[in-house]
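I opened my notebook to go through a structure I hadn't seen before. Here is what I looked up, in the order I got to it.

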Amino acid sequence: MKRIVELLKLSPVLVLAILMFIGYDALIAAPLATAYAALIASVVEKKKVNDIIDAVIDNAKEMQVAFFILMVAYAMAEVFMSTGVGASIINLALNVGLTGRTVAVVGIIITSILSIATGTSWGTFAACAPIFLWLNHIVGGNIALTIGAIAGGSCFGDNIGLISDTTIVSSGIQKVEVIKRIRHQGYWSGLVLILGIISFYLAGIIMDLPTTTGDAATAIGKIPAEVWTVLAEKRESAVTLLNQVKTGVPVYMIVPLILVLIAAFKGMTTLLCLFIGIFAAYILGMIAGTVQSTGEFLNLLYSGFEGAGSWVIVMMMWIAAFGGIMKLMDAFRPLSNIVISISKNVRQLMFYNGVLSILGNAALADEMAQIVTMGPIIKEIVENNVDGSPEDIETLRLRNATLSDALGVFGSQLIPWHVYIGFYLGIIQAVYPIYKFNAMDIIKYNFLALIAVSTILIATLTGLDRFIPRFGLPMEPKVKLKKYTAESSIIKNKVS
């Protein structure tokens, strides 16, 4: 009977997974799963309606700071995509000249930087896919290699970007500051990117790709009219960015991004960093002419706030409600027990937290759904089962946030049925209709995703993370599993 009750308490997760898998948007799946969880809590656990409502509200309150950050982050992303900041990044990189051998290398560099600047992998991919697929066509590159490069690069900023929704949400769930989280994983992320760039460069040599040069203006000029229509429907700001790449923007429009990065490295709060970027883009955009009026700029902010409010924040509130009810039932205790029973030390426990994250991503087929569903589970596993100083526990929470985000965003690139892959397929088929794409065209040469997923799991399990600055986990005996601490106390008591 106990097992049946445990399964019933876990069944809302299965309901959420099934709804997401069969194609329901998170804005529908999350409320339905929340209602079902409330029913289970009232019937199985005999929880009163007021207790359920209090659990929902209390859990949502914990996400308030993340909500504000997300709204401003979405606004800054829209501003950077439309005022010339994104276009300046692309033009600076493309000035080096492209060949069939280097188009994938330049593609991963540009998309990585642009995704950090805009905080959106989907927006970055939508903006860069038309450029690089047609550039690839012109210079005779390998289409799958180029797709793998821009797909992986587009995700890079989603894992470490100051304004990325997944970075903000995963950090908020683990109750760590975004800036601290970026510092924790910064060197590891940089190493992953360097290894990814080297991999694409070597692949171009091994494939013996041609060295004919091409340019972005020619590539953009070859984009069919119907492609522009489709792209405008999927990401209107991407069309603005492409036009700016074609016509050119002043090089100083990259300054807002530089100021944001400087502010972040100096340890300023996330909201202040975002407002610095927005204000700088407004001032320089007015000078450059990419911002025609204050009213136009305020409309960009409005679009950003609207984008955050119409989907991600509403979705997060429902997921917070779902998590609050699941927490009230202590529904995840069986999963925690499994992880604890097979973990011999804290490092193994953290590794299994990573495994839970990537399995959740595969089951839910949505990185944000995985972050908000599995995030509270791995958070409680650490908080309830590890002894250590507050500083060491915070480091474990930082790693939890990184695992949840990295295995959500980069892991999505390796799951054929994931919504990421579906979106990317829709974009590339629309902007490059002369080739029939499938999921493996995105997956097979996505070196950055492969490197990120494998290195974070291996480094966490083996302790190799100690060789990466700021990335090493605290070692035993500084941190211990509570079950071993309890056993030691029993032994000491018997001896005394």
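These entries cover a helix and the loop after it, a pocket, and one glutamate.

Entry one. I noted before anything else that this is a predicted model.

Entry two. I checked the length of helix H13, residues 236-247. At 1.5 Å a residue, its 12 residues should span 16 Å, and I got 17 Å between the end C-alpha atoms, which agrees. Next I asked which residues of H13 are buried. They are Ser 237, Ala 238, Val 239, Leu 241, Leu 242, Gln 244 and Val 245.

Entry three. I stepped off the end of H13 and landed on Gly 248, which has a positive phi, near 95°. Gly 248 sits in the loop between H13 and helix H14 (255-265). Its relative accessible area is 40%, so I put it down as partly exposed. I also looked up Ile 90: it is 158 residues from Gly 248 in sequence, yet their C-alpha atoms are 10.0 Å apart.

Entry four. H14 came up again when I turned to the second largest pocket, as H14, helix H8 (143-160) and helix H10 (178-206) each give at least two residues to the lining. I wrote down a volume of about 480 Å³ for this pocket. Of its 18 lining residues, Ile 160, Ile 182, Gly 186, Leu 261 and Phe 265 are the closest to the centre. The lining splits into 14 nonpolar, 2 polar and 2 charged residues.

Entry five. Is Glu 380, in helix H19 (residues 367-385), buried or exposed? Glu 380 has a relative accessible area of 17%, under the 20% cut-off, so it counts as buried. Setting aside neighbours within four places in sequence, I found Glu 380 in contact with Lys 327 and Asn 385.

Definitions and conventions: Residues numbered from 1 in each chain as written. Predicted model: local features only at pLDDT ≥ 70, side-chain atom pairs only at ≥ 80, totals over all residues. Heavy atoms only, no water. Helix = DSSP H or I, 4+ residues; strand = E, 2+ residues; numbered from the N terminus. Expected span 1.5 Å × (residues − 1). Buried < 20%, exposed > 50% of the residue type's maximum accessible area, 1.4 Å probe, protein only. Contact = heavy atoms within 4.5 Å. 1 Å grid on protein atoms, 1.4 Å probe; cavity = no way out; pocket = protein on both sides within 12 Å on 5 of 7 lines; lining within 4 Å. Points joined across faces, edges and corners; volume = space filled by probe spheres on them. Nonpolar A, V, L, I, M, F, W, Y, C, P; charged D, E, K, R; others polar.
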